[in-house]
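Please work through the exercises below with the sequence and the model open beside you, and try each task before reading its solution.

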Amino acid sequence: MAVRRLVIRPGAIGDFIVSLPAIESLRDGYLEVWARAPNVPLARLADRARSIESTGLDLLGITEPDPRLLEALRGFDGIVSWYGSNRPEFRALTASLGLPFTFLPALPPDGAMHAADFYLASVRKIHGKTGLDGVPRIPCPPLPHRGAVIHPFAASRAKRWPMERFRELARELERRMPVCWCAGPEDELPGALRIPDLYELAVRLAGARVFIGNDSGISHLAAAAGTPVVVLFGPTDPSVWAPRGPDVRVCAKPSLDAITVAEVLAAIP
């Protein structure tokens with residue numbers, strides 16, 4: 001029998017993308033997804049997607065429960081949530097209200113398995129379908145490959161390869177193909193491509209011959225769009241957090257400064 005299921009997935013861009021196989025495995029009828037506002041356009045597998053902020057869920061347990069929120073939550077046969085998994089008081093409140101929540105662990109154990117596999121395995125313990133391979137996919141219309149896209153940013157400065165090396169890399173690549181720089185709304189990079197809607201950005205990245213970037217959500221986005229990706233890793237474990245896609249190559253060293261331009265060039269298909 002088909003069910004009405006809600007998936008609540010907070011977190012940054014990369015966190016959401018590596019959870020896509022797990023979310024897909026939960027489809028068995030109507031599926032709704034609540035996520036951070038920037039990630040809502042990426043929930044294309046859902047029948048409906050909403051931002052967590054727009055639902056009032058972030059106020060549950062802080063103010064008197066909104067009857068409209070409770071009515072919406074009670075309209076689902078099951079709610080699978082990463083939201084609140086580390087908040088015992090939130091879990092206790094949802095239980096006392098009789099809401100059909102199942103909470104999933106937010107982070108995989110260090111080095112245990114790739115995050116996408118961990119989230120998929122967590123869901124399968126509940127009622128997820130088998131047969132998925134743990135590779136996030138964001139279907140995009142086919143476009144001709146038009147050169148390289150470089151995204152030199154990451155949320156943490158410790159995850160950023162030096163900008164001067166990205167510029168040197170770009171000068172070398174320009175001898176072989178056009179180069180486009182990509183940046184977020186608040187990143188300082190004059191002339192860079194800026195597309196706030198993440199699905200529209202995924203479509204643009206899908207038309208690149210290659211994407212080069214740091215350990216960031218946009219690298220996960222490019223890989224999920226099917227773009228060949230070269231991603232640079234330093235302090236984070238790529239066996240857990242590297243993007244997954246049909247052609248992902250990882251340059252990893254304990255210190256990002258130790259990765260040379262020549263090594264990155266050699267990884268570019």
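The exercises that follow concern a predicted model, and they go from a pocket to ring pairs and then to salt bridges.

**Exercise 1. Describe the lining of the largest pocket and say which helices supply at least two of its residues.**

Solution. Begin with the space itself, which comes to about 830 Å³ in the largest pocket. Next, turn to the lining, which is made up of 32 residues, with Ala12, Ile13, Ala155, Gly217 and Ile218 lying nearest the centre of the pocket. Then assign the lining to helices: α1 (13-18), α8 (198-206) and α9 (217-224) each supply at least two residues, and α1 gives the largest share, namely four residues. Finally, sort the lining by character, which yields 16 nonpolar, eight polar and eight charged residues.

**Exercise 2. Classify the ring pair of tyrosine 83 and phenylalanine 90, and then that of tryptophan 161 and phenylalanine 166, by the angle between their planes.**

Solution. The count of aromatic pairs is seven. For tyrosine 83 and phenylalanine 90 the ring centres lie 5.3 Å apart and the planes stand at 75°, so this pair is edge-to-face, given that planes over 60 degrees apart count as such. Tyrosine 83 is buried at 12% relative accessibility, and phenylalanine 90 is buried at 1%. For tryptophan 161 and phenylalanine 166 the centres are 4.9 Å apart with planes at 85°, so that pair is edge-to-face as well; tryptophan 161 counts as buried at 2%, and phenylalanine 166 counts as buried at 0%. As a last step, follow the ring pairs outward from the first pair, which shows that Tyr83, Phe90, Phe101 and Phe103 are linked into a cluster.

**Exercise 3. Which parts of the chain does the salt bridge between aspartate 215 and lysine 159 tie together, and are its two residues buried or partly exposed?**

Solution. The structure holds nine salt bridges, and in this one the side chains of aspartate 215 and lysine 159 meet at 3.5 Å, N to O. Aspartate 215 belongs to the loop between β8 (210-214) and α9, while lysine 159 belongs to the loop between β6 (148-151) and α7 (163-173), so the pair ties together parts that are 56 residues apart in sequence. For accessibility, aspartate 215 is buried at 9%, whereas lysine 159 is partly exposed at 26%.

**Exercise 4. Locate lysine 253 and glutamate 263 and state how many residues apart in sequence they are.**

Solution. Lysine 253 and glutamate 263 form a salt bridge whose closest N and O atoms are 2.8 Å apart. Lysine 253 lies in the loop between β10 (248-252) and α11 (261-267), and glutamate 263 lies in helix α11, so the bridge ties together parts that are 10 residues apart in sequence. Lysine 253 is partly exposed at 27%, and glutamate 263 is partly exposed at 32%.

Technical notes
Residues are numbered from 1 along each chain as its sequence is written. This is a predicted model: local features need pLDDT of at least 70, side-chain atom pairs count only at pLDDT 80 or more; totals for chains, interfaces and linings use all residues. Side-chain values use heavy atoms; hydrogens and water are left out. On a 1 Å grid over the protein atoms alone, a cavity is a set of points where a 1.4 Å probe fits but cannot get out, and a pocket is an open set with protein on both sides within 12 Å along at least five of seven lines; lining residues have an atom within 4 Å of a point. Grid points are joined across faces, edges and corners, and a volume is the space filled by probe spheres set on the points. Ala, Val, Leu, Ile, Met, Phe, Trp, Tyr, Cys and Pro count as nonpolar, Asp, Glu, Lys and Arg as charged, and the others, Gly among them, as polar. Rings of Phe, Tyr and Trp (its six-membered ring) pair if their centres lie within 6.5 Å; planes under 30 degrees apart count as stacked, over 60 as edge-to-face and the rest as tilted. Buried means under 20% relative accessible area, exposed over 50%, partly exposed in between (1.4 Å probe, protein chains only). A salt bridge is a side-chain nitrogen of Lys or Arg within 4 Å of a carboxyl oxygen of Asp or Glu.
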